[in-house]
Amino acid sequence: MNKKPMTVHEVVNLTGITARTLHYYDDIGLFCPLTKEENGYRYYDISQSIDFEYIRMLKELNMSIKEIEMYRK
């Protein structure tokens, strides 16, 4: 199985989230990439998709970002 890290573009295609939202989640520390290169490129691991789906589920329950942050701590 290929364990190559996913780029933002690949995560966008996998999840349907926008790159802007993905960058925002990283900026606020809600959903951060596995690694971030010096050039600013973000790389995610496929195992992080579980974390993302958890966040998505909480958003679908109409939880605010602040509530999600508190809930995940």
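## A walk through the helices and the sheet

Start by selecting D51, Y54, I55, L58 and K59 in α3, then add I65, I68, Y71 and R72 in α4: these two sets of residues are in contact with each other. Colour the selection by residue class and you'll get 6 nonpolar residues, 3 charged ones and no polar ones in the contact of α3 with α4. Keep in mind as you go that this is a predicted model.

Now show the two helices whole. Select residues 48–60 for α3 and residues 65–72 for α4; their axes come within 10 Å and cross at roughly 130°. Angles of 65 to 115 degrees count as roughly perpendicular and those over 145 as roughly antiparallel, so α3 is oblique to α4. If you turn the view to check the hand of this crossing of α3 and α4, look for a right-handed one.

Next, jump to the other helix pair. Select residues 8–15 for α1 and residues 19–28 for α2: here the axes are 9 Å apart and the packing angle is about 110°. That angle makes α1 roughly perpendicular to α2. The crossing of α1 and α2 is right-handed.

Which residues of α1 meet α2? Put V8, V11 and V12 from α1 in sticks, along with A19, L22 and H23 from α2, and you have the contact on screen. By class, the contact of α1 with α2 holds 5 nonpolar residues and 1 polar residue, with no charged residues.

Time for the sheet. Switch to cartoon and find the 3 strands, which form an open sheet with antiparallel pairing, in the order β1-β3-β2. Select 6–7 for β1 and 35–36 for β2 and you've picked the edge strands, each of which pairs on one side only. Then add residues 42–44, which are β3; this strand runs antiparallel to β1 and is joined to it by 2 bridges. To see one bridge up close, select M6 and its partner in β3, Y44. As background, strands of a sheet pair through backbone hydrogen bonds, so display the backbone here rather than the side chains alone.

Finally, zoom out and select everything. You should count 4 helices and 3 strands in the protein. Trace the chain from the N terminus and the elements come up as β-α-α-β-β-α-α. The radius of gyration of the protein is 12 Å, close to the 11 Å that the globule rule gives for 73 residues, so the protein is as compact as a globular protein of that length. If you draw a box along the principal axes, the C-alpha atoms fill roughly 35 × 25 × 20 Å.

Terms used. Residues numbered from 1 in each chain as written. Predicted model: local features only at pLDDT ≥ 70, side-chain atom pairs only at ≥ 80, totals over all residues. Heavy atoms only, no water. Pairing = 2+ DSSP bridges. Axes fitted to C-alpha atoms, helices over the stretch in contact; angles between N-to-C directions. Parallel < 35°, antiparallel > 145°, perpendicular 65-115°, else oblique. Left-handed = near helix turned anticlockwise from the far one by under 90°. Contact = heavy atoms within 4.5 Å. Nonpolar A, V, L, I, M, F, W, Y, C, P; charged D, E, K, R; others polar. Rg over C-alpha atoms; globule rule 2.2 N^0.38 Å.
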